[in-house]
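Grab a coffee and work through two short exercises on who touches whom. Try each task before you read its solution.

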Amino acid sequence: MRRVNADVALGLAVLVVALLALLVWVPADTGSGIVERIRGQYRIGDAMGPSVAFGLLALAGVVLMVESMGKKAAARPRASLGQGQLSFLLIVFVIFFVSLLAMRWIGPAVAGLLTDTGYRPLRASLPWKYLGYVGGGMLMVGSLISLAERRITLRAFAIGFVGALVLAMLYDLPFDDFLLPPNGDL
Amino acid sequence: MDYILMGIGAVFTGPDLFTLGGFGIPAAPAMLFLGLLTGIAVGATPGLAGPMAMAVSLPILISIFGVRTEALLPVFGFLIGIMKGATVGGAVPAILFNIPGTPDAFMTTLDGHPMTKRGMPKRALKVAHLSSVSGDTLSDIALFVCAPFLAVLVERFLDLPEKTALILLSLTFIAAVMGSSVGKGLIAIALGMLASMVATGQDFHPRLALGLDALSHGFPMVSAVLGVLILGEIFWTLDDHWRGAKAGKGPIAAATDGPDGLRPGDVRRIVPHILRSSFIGTVIGALPGVGSTLAATLGYTLGRKVHAKKKTPEQADFGDGAPEGIAATEAANSAVSGANLIPVLSLGIPGNAAAVFLILAADSIGGFNPGPGVFNFTYPQVNPELVIAFGIFTLMALGNLLNWTIGGVLMRAMGVMSRVPIRYLLPVVLLVTLTAIYVQDPRLGALWTAFGFGVLGYLFRCLRIPHLPFVIAFILSGSLENTARQAFSATGGDPFFLFSSWVSTCFVALAILTVFLAGRAPGEGRG
Amino acid sequence: MIRAIPTCAAVLLAGACFTLPATAQSTDWTPPGPITLMIGFAAGGGADTQARLVAQGIEDATGWTVLPQQVTGNSGLNLAQELRSAPADGSVIGMIVTETLAYNAVRLGNPDLQADQFTPLATTAAFQLGLVAMAGGDFASWDAVQAAQEAGRPIRLGAATERQADMAYHLSLGSGIEFNIVQVQGGAEIMNGLRAGDLDLGWVAGAQAGAVRNGEMVNVASGIPTPLVDSPDAPTIRDLGSNFYLDGYFMFVAPAGIPDDARAALAGAIASVVQNPETEAGALITRSFGGASVLTGADLDAYLQRAVEDSAALIDSVR
């Protein structure tokens, strides 16, 4: 019974969001109306596409509600969105955030300590250009493996380090035009 | 009729054009072979699938071959190799370890693993190889025949309004057949359209960007597609491990039930199943959005009915290790892959994840826009896109040949791959995917975009909203909006342009009908 | 890959060998580290290839490191936005078309993105812009277009940018020929539309060269002041009633306020690469555009100023 209610709620939420967007967001955040008159003729404006899409979304909400009201709840393991999923997402987000932060700033931080010029002029030379990528990559891979195993091991981070280093060389050594993270942002 | 003759001519003359440049033809088959190797290995690794390998290799390929038109065939060669290899390789872990390496190999475990338990893993693998390759080959033949024809018809008879209506129809069809409910399919389609509409309008004001700089560039296709397909899948699987839900690994029994290897009479026994399943797979594959899992299920179910009537008492039942069961499944799911390119090449509409990556490749390299325009049989000027299209056909045929000859050997050698622990592999694949995105769009913002879409893909999986319709809508929504705009302008601002001809009126009516009547097909959100 | 950064002397030597007189302003400026080159065009297209080959040419000639990367979208304005906030020391440059900083910036109206917020470095090649139709079709000459108008046939004209659409309408006002203006995604798509019969006419800025040379398509009219390389006899749109040309250049730009010697050195490096048909970039430009068209320094400033004024006038004339 719980599944049915969940789907009805999803349908209702989708419907409400779609209607709100149609009435408020789309008119406020598009540069031309649904249809505009320009250069002596009418043309479809920028609001047409989003209006159709949100219209479809509203329709989808209605269809989903109708469907799930008449349907018996089937036993579907893992098919829900509860606290478990949200906490998993939160952990993954933190891992991602910290890893990207490390990726972005390890190079500049080390360069700031050891050189006068800073990181920017060094962003295309070894070993500087690998620092952030390998550090951040190791952190990301290591933490995710630890998450899956539910314990933090040296092995996980070793895999991350080797993996990131191999990848860095795989992308960077043969190809001149590739920029590893974060070197395109500097 | 002339078109067909010219087409056949182009198959043979086409690739030669590239030999002159000293590039293409030597590179393309070699890449095909490497792709096939990779594909079989990836297919044999549980938890990895063809699309992941395609995603990872695409930027590497592009940097090797550059973004010139000559790069198209070698790159496509590799991707097609992966596609074909993964189809074959998926059966390996299913048969040996009762783990489906690809989602549609699930049915293969039903008969394949019991055969292994009875000491006949080689026989099972050989049957799987034979059926898979036959199904693929038959399906490719259907592609070669149908795609040019369909495309020529489309160009000849469909004007802008009809093309608009046709895209609309494919989208609603995909929504209706994928996943557990039409409503959820529609949600996926609508969200996919919306995501691709951010900051892509005609006006210089970036629409729906909420005035944020970060959104004013829109969502690049690579980040969005890889995010939903790959990152979403990785998060989902990691979550599984985190929760401690592990796929049970059956012990490999050593009990022997007769000598291993293909037995006389096996081929004759499985041929009817192969033919029937290939037909099912081809028809299903030609419809955009209906995945190979449905084909495998249908092929298996039908095969079981026929087998139950015909079998002699000493033959095994489906589910107890019948070679016919493997044949029925493998032929059906492999037959999907070729036919799935029919809508891609003739209409520009991708029907599954592999097709999505072929379009992504074409989009990144340029010089080839999958769609009816490809099959413009211009004369005397050579239409380079047509040459590429026939080059692709040639590569596919060649791929089948390789699969026939050495695929089986490779497949049996890849049993090792099934032993790689997925919880180590997936985080590395995540890093590879992120790196692949960054080298194409070097901004950390692009990684955040991909992460966001990955979370979306994860949520879709939680809520059982099919994610492939989202991706397909994301890709198609641009051309839907453009064609609609062009149709509207070209008809001089006729608000009822969708109903300006019988054909387009029919398409629209069908689109509406699909939503309300199609009900819920037992599809599955992966191709 | 690491490239050894050569000494000043080597740079000077290379500069002396390769810089052509047009822009030869020998300086001893060297970039502070690698140069990021933002490319405002989709990967794999002709313009992207040009940008990457120029980057390669600069590396070969000067020993500097150039890191190309794509910054696409919103007709070059996304690149402008990103470039504006980049360091103004010559370490970040971008490649766009002049139209981005002229028509598109004027039309958008955002004061941050106007031409005076940037330092134009050098143009590389001029558009070979023509009004294209299928050869042997019903619109293969301006007379045929007029005849179609008199016969009451709707004429569908493909435009790939807002400026092209405005120019189509402006031409329609000036010549009395009505067009249904159909906006599409680029020159290649216009040519496909012509082939499929979805379009009757279309603006194409150079991609039509091959099709015109082998007789599949014709340039019905020219959109640029100099004769088209492939159709020198085509009437210009100003002959046909327009007040403006639809001309433009591929152009390298830097943020506003970069040092003068940096501007001169970068412009000189770009110019010497594209003007030398021996380099891959030079060869490409000769093949596709009939030769390089290089404007630098004050000439370029003046051109851009005029393009901005024309754009404002064009926008006025069609509103």
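**Exercise 1: inside chain C**

The domain assignment splits chain C into domain 1 (8-127 + 248-318) and domain 2 (130-222); such bounds come from an automatic or database domain assignment. This is a predicted model, where local features need pLDDT of at least 70, side-chain atom pairs count only at pLDDT 80 or more, and totals for chains, interfaces and linings use all residues. Residues are numbered from 1 along each chain as its sequence is written, with chains lettered from A and ligands numbered from 1 in the order in which they are written.

Task: work out which elements of domain 1 of chain C give two or more residues to the side that touches domain 2 of chain C.

Solution.
1. Start with the spacing: the C-alpha centres of domain 1 and domain 2 of chain C are 30 Å apart.
2. Now the contact (C-beta atoms, placed from the backbone, within 7 Å): domain 1 of chain C puts in 11 residues and domain 2 of chain C 10 residues.
3. On the domain 1 side, the elements are helix H4 (98-108), helix H10 (280-289) and helix H11 (297-318) of chain C. Helices here are DSSP runs of H or I, at least four residues, numbered from the N terminus.
4. H11(C) gives the most, four residues.

**Exercise 2: chain B meets chain C**

Task: find which element supplies the largest share of the side of chain B that touches chain C.

Solution.
1. Chain B brings 26 residues to the contact, and chain C 29 residues.
2. Helix H15 (353-365) and helix H19 (468-490) of chain B each give two or more residues to that side of chain B.
3. H19(B) has the largest share, with five residues.

Key:
Contact = placed C-beta atoms within 7 Å.
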